[in-house]
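Thanks for making the time this morning. I would like to take you through one protein model, slowly and in order, and I will keep to what can be read from the coordinates.

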Amino acid sequence: MTTTKDINFYKPIDGTQCPKFAGVATFMKLPYVLAHEASDVDVGIIGVPWDGGTTYKPGARHAPRQVREYSTFMRNVHPTLGIQPYNICKCADLGDANINAVNLMESLRWVEEFYQSIMTQGIIPLSVGGDHLVSLPILRAVAANGPIAMVHIDAHTDMYEGFSGDSSFSHGTPFYHAINEGLLDPKKIIQIGIRGCMYTKNDRQWGLDQGVRVIDIEEFNEIGITAVIEEVHRVIGDTPCYLSFDIDSIDPAFAPGTGTPEIGGFTSFEAQALVRGLHGLDLIGADLVEISPPSDPTGNTALIGATLLFEMLCLLADNHYKKRQHQGKQHEKVLAESQ
């Protein structure tokens, strides 16, 4: 039975009292809370240690553990937005979703069921994959009540039909299936950073035909980040939105630890600026995927991932807090009018 806890319970272990390198590694040094006992939590950070959809270099299954370790270095206040997520929301590490390391379809089902339990408790999910196929079962839970918008930052569209059409499930196909299953509104999807050679022209054309707004890396460099962020807000508007960030959107000079690296990508600062530019969207969930620790012995990719994870946490917490404040004012208004 869940016991309501004070918000101070959900704050990270104080780095001035316990060194960052000490203690059990949880996301952001937050408390670990069992997922089925987390109804008191506002934002839950979840690992999905599975890369059964990988088509090139495996290893993303190890990302949640390493990102947990590097996230212990994060602090409490956003450097430019001033958001203090732990003062406005109850945040916790909810552990890892259930997966089957040798059965792809069963893993998809188990992950979906895990996230369904998260959503029924009213928790906002912030996830660390895993390869990009993990986004599909997450979206099946997050968008169970109807199609939502998505900001997708990636080197690849991940809207390929795959090798077997509708029966093909890999990290290159999650959003092809998500659109076909009615989880995403294609006219409310914007993809940023797309680059690299393709198998066929249809690799990008299918999404364009559905109405997806694609900003490839050439357009990004031509119009600049300010214009890109303006375009994101134009496309998404006030529609509830999911953020999916593939670490391979960042150039391998900065983040080599990924299974499908593509040169010519974002700098780590550009990646930060892009995520910060999403402030003000109605973000209802997010994931960070495709970090592959075996491909980067330095751990720099995991550090970038952990830093971006904190950026995402700030956005989710701030959006949730502002919606809660608005709902409170609306409730007070209704009460005042009824008296």
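I will begin with the overall fold, go on to the cores, and then visit a handful of individual residues.

Please keep in mind throughout that this is a predicted model. In secondary structure terms, the protein has ten helices and eight strands. Its radius of gyration is 19 Å, close to the 20 Å that the globule rule gives for 339 residues, so the protein is as compact as a globular protein of that length. If you lay the C-alpha trace along its principal axes, it spans about 60 × 50 × 40 Å. Buried residues account for 55% of the 339 residues, and the surface that the protein exposes comes to about 14600 Å², with carbon and sulfur atoms supplying 53% of that area. Turning to contacts between residues at least 6 apart in sequence, 77% of them join residues at least 24 apart. As for charge, there are 25 positive and 41 negative charges, and the mean positions of the two sets are 6 Å apart.

Let me move to the interior. In soluble globular proteins, nonpolar side chains tend to be buried together. Here the largest nonpolar core holds 55 residues, and the members that touch the most other members are Val151, Ile192 and Phe245. Which helix gives the most to this core? That is helix α10, residues 300-338, which gives eleven residues. Apart from this core lies another one, of 43 residues, and among its members are Val33, Val142, Met159 and Val289.

It is worth pausing on Ile192. Leaving aside neighbours within four places in sequence, Ile192 is in contact with Val151, His152, Ile153 and Asp154, with Ile215, Phe220, Val228 and Val232, and with Phe266 and Leu274. Leu274, the last residue I named there, lies in helix α9, residues 268-276. Is Leu274 buried or exposed? At a relative accessibility of 2%, and with the cut-off for burial set at under 20%, Leu274 counts as buried. With the same allowance for sequence neighbours, Leu274 is in contact with Ile153, Ile192, Phe220, Ile225, Val228 and Phe266, so Ile153, Phe220, Val228 and Phe266 appear in the contact lists of both Ile192 and Leu274. For a sense of distance, the C-alpha atoms of Leu274 and Ser127, which are 147 residues apart along the chain, are separated by 18 Å.

Now for some backbone details in the loops. The peptide bond from Gly129 to Gly130 is cis, with omega near 20°, and Gly130 sits in the loop between β3 (124-129) and α4 (135-142). Two residues that are not glycines have a positive phi: for Asp158 the value is about 55°, and for Glu290 it is about 75°. Asp158 lies in the loop between β4 (148-153) and α5 (174-180), whereas Glu290 lies in the loop between β8 (283-289) and α10. Asp158 is buried, with a relative accessible area of 3%, and Glu290 is buried with a relative accessible area of 3% as well.

What does His171 touch, once residues up to four places away in sequence are set aside? The list runs through Gly53, Thr54 and Thr55, then Asp131, His132 and Leu133, and then Asp158, Thr260 and Glu290, which brings in both of the residues with positive phi that I have just described. His171 is found in the loop between β4 and α5, and it is buried, with a relative accessible area of 6%. The C-alpha atoms of His171 and Leu133 are separated by 4.3 Å, although the two residues are 38 apart along the chain.

Glu290 also comes up around Gly257, a residue in the loop between β7 (241-246) and α9. Gly257 is buried at a relative accessible area of 0%, and, again not counting residues up to four places away, it touches Ile247, Glu290, Ile291, Ser292, Ser295, Asp296 and Thr301. Between Gly257 and Ile247, ten residues apart in sequence, the C-alpha to C-alpha distance is 8.4 Å.

I will finish with Glu106, which is placed in helix α3, residues 104-120. Glu106 is partly exposed, with a relative accessible area of 21%.

Methods. Residues are numbered from 1 along each chain as its sequence is written. This is a predicted model: local features need pLDDT of at least 70, side-chain atom pairs count only at pLDDT 80 or more; totals for chains, interfaces and linings use all residues. Side-chain values use heavy atoms; hydrogens and water are left out. Helices (H or I, at least four residues) and strands (E, at least two) are DSSP runs, numbered from the N terminus. The radius of gyration is taken over C-alpha atoms; the globule rule is 2.2 Å times the number of residues to the power 0.38. Buried means under 20% relative accessible area, exposed over 50%, partly exposed in between (1.4 Å probe, protein chains only). Contact means heavy atoms within 4.5 Å. Accessible areas come from the Shrake-Rupley method with a 1.4 Å probe; for residues, only the protein chains shown count as cover. Lys and Arg count as positive and Asp and Glu as negative; His and the chain ends are not counted. The place of a charge is taken as NZ of Lys, CZ of Arg, CG of Asp or CD of Glu. A nonpolar core is a set of buried Ala, Val, Leu, Ile, Met, Phe, Trp, Tyr and Cys residues joined through side-chain atoms within 4.5 Å.
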